Structures are given as structure tokens and as C-alpha cells.
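These are my notebook entries on one structure. I set down what I looked up and what I found.

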Amino acid sequence: MHKVVANSTPLIILSNIDKIEILKKLYGTIYIPSGVFEEVNFTGNFKSYDFIKVANIKNKEAKQFSPVSLHKGEIEVMILAKEINADLCIIDDYLARKHAKNLGLTVTGTLGVLIKAKEKKILKEVKPLLDKMLEKNFYIDRKLYSEVLEICGEK
């Protein structure tokens, strides 16, 4: 299995649409830094997911060299990904994704996870999930919404 590190937003979104188990089916274990765990575990629900492993970053000094426009969790995701030589980072924020790519990390987001799950036949349809995300006030650009449906053959 691949080493995958996730940020808080994808975990929260997938949890809110009752599809967090997709991560386990696609990737097995998901690693999150302690900063992300602090962000997502406000309800206590994330302790019950045995496939999510909390890891402490070793190079705490590296945080001071990261852009101030990024959140603690995003910075820690990138540091942890470098430390464990991760195959993939799941990050939704545009600036964080851009920075992660500049660091040589492979990045996807929540929508990329849904597309992959459809390709692997873990999901039959993506559109109902996109609609549920919109209902729960998660923003998806209309153009991107259409592109995802097209990729998934649901247009």
C-alpha cells in the first residue's frame, strides 16, 4: 500500500458525507500529523477510525520556514509527507497544494479521491456525493463540478 498523508478538510468533508471509509478502501492506512488530528477531532469521532494513524513530525523547526499563509495542519502535512517519503498528500486548499507540489509532493484533493474511488469501482456514482457536499456548504466551483462529472462519465 502507498503512504498517504491527509489534511483536515478532506477528512472533514468525507466524514460529513459519510464516505470517509473510501480512504481505507483506496489507500489502507492514512497518516495525519498531530496538528491535523487537533483540527479534526473536535467531535471525538476520528479516534474510532483505526486506519487513520496520528504521527508526530520530527522536524518541528521546519514549521518556521513555511509560508505564513498556510495553516498549521497544512504545514505539518507537508513536513510529515517529506519525513515518511509519502506517495500522496490529500489537500484541498489551493495555496497549500501549490506549495506541496513545489516541494515535489504528489497531491490530490477530495474530488480527486472521489474520482479515484469511481475508477476503482468503490463508488457507483459521484454526482450524489458532490450534491451532498454542496448541501453541507462545501464550495465546489461549477466548472470543476462539471469537469468531475465528465471525468466520471456522469455528464
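**Entry 1. Terms and overall layout.** I take a helix to be a DSSP run of H or I with at least four residues, and a strand to be a run of E with at least two, both numbered from the N terminus. I also note that the model before me is predicted. I counted eight helices and five strands in the protein chain. Reading along the sequence, I wrote the pattern down as β-α-α-β-α-β-α-β-α-β-α-α-α. I then looked up burial for the 155 residues of the chain, and buried residues make up 47% of them.

**Entry 2. The sheet.** In what order do the five strands lie in the sheet? I found the order 3-2-1-4-5, in an open sheet with parallel pairing. Strand 3 (52–55) and strand 5 (107–108) stand at the edges; each has a single partner strand, so one side of each has no neighbour in the sheet.

I followed two of the pairings in detail. Strand 1 (residues 4–6) runs parallel to strand 2 (residues 30–33), and two bridges join them. Within this pairing, I found that Val-4 has Ile-30 of strand 2 as its bridge partner. Strand 2 is in turn joined to strand 3 by four bridges, again in the parallel sense. Here I noted that Pro-33 has Ala-55 of strand 3 as its bridge partner.

I also looked at strand 4 (residues 88–90), which contains Cys-89. Is Cys-89 buried or exposed? Its relative accessibility is 1%, so I entered Cys-89 as buried, the limit for that word being under 20%. From Cys-89 I checked the distance to Met-78: the two are 11 residues apart in sequence, and their C-alpha atoms are 7.7 Å apart in space.

**Entry 3. The ends of helix 5.** At the start of helix 5, I found a side-chain oxygen of Asp-93 within 3.2 Å of the backbone nitrogen of Leu-95. After helix 5 comes Gly-104, and I recorded a positive phi for this glycine, near 85 degrees.

**Entry 4. The largest pocket.** I next looked up the largest pocket, which holds about 370 Å³ of space. Its lining consists of 18 residues, and those nearest the centre are Asp-92, Asp-93, Leu-111, Tyr-139 and Leu-144. Asp-93 thus appears here as well as at the start of helix 5.

Which helices supply at least two residues each to the lining? I listed helix 1 (8–16), helix 5 (94–102) and helix 6 (110–119). Helix 6 gives the most, with three residues. I sorted the lining by type and obtained eight nonpolar, five polar and five charged residues.

**Entry 5. Salt bridges.** Side chains of opposite charge can pair when their charged atoms come close. How many salt bridges does the whole structure contain? My search gave six, and I examined several of them.

I began with Asp-18 and Lys-132, whose closest N and O atoms are 3.3 Å apart. This pair links distant parts of the chain, 114 residues apart: Asp-18 is in the loop between helix 1 and helix 2 (21–27), and Lys-132 is in helix 7 (residues 127–135). I looked up accessibility for both partners. Asp-18 is exposed, at a relative accessible area of 61%, whereas Lys-132 is partly exposed, at 26%.

I then turned to Lys-72 and Glu-38, where the closest N and O atoms are 3.0 Å apart. Lys-72 belongs to helix 4 (residues 72–83) and Glu-38 to helix 3 (residues 34–40), so this salt bridge ties together parts 34 residues apart in sequence. Lys-72 counts as partly exposed, with 38% relative accessibility. Glu-38 counts as exposed, with 52%, since the limit for exposed is over 50%.

Last, I looked at Lys-118 and Glu-154, whose side chains meet in a salt bridge at 2.8 Å, N to O. This pair, too, links distant parts of the chain: Lys-118 is in helix 6, and Glu-154 is in the segment after helix 8 (142–151), 36 residues away. Is Glu-154 buried or exposed? At 17% relative accessibility I entered Glu-154 as buried.

Key:
Residues numbered from 1 in each chain as written. Predicted model: local features only at pLDDT ≥ 70, side-chain atom pairs only at ≥ 80, totals over all residues. Heavy atoms only, no water. 1 Å grid on protein atoms, 1.4 Å probe; cavity = no way out; pocket = protein on both sides within 12 Å on 5 of 7 lines; lining within 4 Å. Points joined across faces, edges and corners; volume = space filled by probe spheres on them. Nonpolar A, V, L, I, M, F, W, Y, C, P; charged D, E, K, R; others polar. Salt bridge = Lys/Arg side-chain N within 4 Å of Asp/Glu carboxyl O. Buried < 20%, exposed > 50% of the residue type's maximum accessible area, 1.4 Å probe, protein only. Polar contact = N/O pair within 3.5 Å; in protein donor to acceptor, adjacent residues only side chain to side chain. Pairing = 2+ DSSP bridges.
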